[in-house]
Amino acid sequence: MSTTFTIDTSTSRANPTPAPMKRLTIPAIQARKGGDPLVMLTAYTVRMAQLLDPHCDMLLVGDSLGQVIYGLPSTLPVTLDMMCAHGAAVVRGSYHALVVIDMPFGSYEGSPEQAFASASRVLAETGAAAVKMEGGAVMAPTVEFLTRRGIPVMGHVGLTPQAVNALGGYGARGRSNAEHAKILDDARAIAEAGAFGIVAEGVVETLAKEIVAAVGCPVIGIGASAECDGQVLVIDDMLGMFDRTARFVKRYEDLAGRISAAVTTYAGEVRSRAFPGPEQVYAPKP
Ligand code: KIV
């Protein structure tokens, strides 16, 4: 499938005009359980959404934007305002992928009612189709509360970055028998509560496979297993924007290196007065 975007130069804003297409729906995503793997990447900006949309089934506006976009030390300081602003941009830049928006830390854990207020604001302000929430069995009543009220929820189990203080770091989960059993129970509870999908992050591969077999909804892996129903990565990680990434990241590009090379050339040309050249300056009207 191809999508073409043009830039509306009259407003100097990226104004996508794609070929008509239907956005993927929650039932279409659910129907992919055990089928063709679902392709998911994070996106935080309109232009990146435009570039990723033709290739992805889902775009995740992850609260990883705290670190990736804002340089925060963790996802904990991310706010609903940030998620709404970036979520709306990603919806504006996409036409095909189903957009899922992370619920930030502190916006949903207090009660199902608090989660409903936050999630309904996110969906109303962004136009996205679904929210994602971290947490296991303890969040199941909240997942059920939202799902029954028409808010599709994606769960997130295993390595849950919002719980970094309780977990003591970002290491892989499920290595002990007790933790393995707990995470499997968490996934089952979230699926039974009605989650349309579950992200399994940073779990040992045997556990990832058991989760896939144990739940009826698609399991999207990140640092999990190729046998998951789909995969997600943080876009800046897979494009090589950072020097340090988790072991489970595969770098498909070296964007940081390319940016550095391009800016080195630019800086040299500015200093030598090679830029701007004749093509970049205006001649007087004849
Ligand atoms: O915030 C995020 O980007 C995520 C993915 C890593 C799954 O939750």
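**A tour from Asp229 to the ligand**

Select Asp229 to begin: this residue is buried, with a relative accessible area of 6%, where buried means under 20% relative accessible area with a 1.4 Å probe and protein chains only. The model is predicted, so local features need pLDDT of at least 70 and side-chain atom pairs count only at pLDDT 80 or more, while totals for chains, interfaces and linings use all residues. Residues are numbered from 1 along each chain as its sequence is written, and side-chain values use heavy atoms, with hydrogens and water left out.

Colour the loop between β9 (219–222) and β10 (230–233), which is the place of Asp229; strands are DSSP runs of E with at least two residues, numbered from the N terminus. Next show Lys33, whose side chain makes a polar contact with the side chain of Asp229 at 2.9 Å, a polar contact within protein being a pair of N or O atoms within 3.5 Å, one able to donate a hydrogen and the other to accept it, with residues adjacent in sequence counting only if both atoms are side-chain atoms.

Now move to the ligand, and display the residues that surround it, among them Thr42, Leu60, His156, Glu201 and Val234, each with a heavy atom within 4 Å of the ligand. Three distances deserve a label: an oxygen atom of the ligand is 2.5 Å from an N or O atom in the side chain of Ser64, a polar side-chain atom of Asp102 lies 3.1 Å from a ligand oxygen atom, and for the side chain of Lys132 the distance from an N or O atom to an oxygen atom of the ligand is 2.9 Å.

Notes: Helices (H or I, at least four residues) and strands (E, at least two) are DSSP runs, numbered from the N terminus. Buried means under 20% relative accessible area, exposed over 50%, partly exposed in between (1.4 Å probe, protein chains only).
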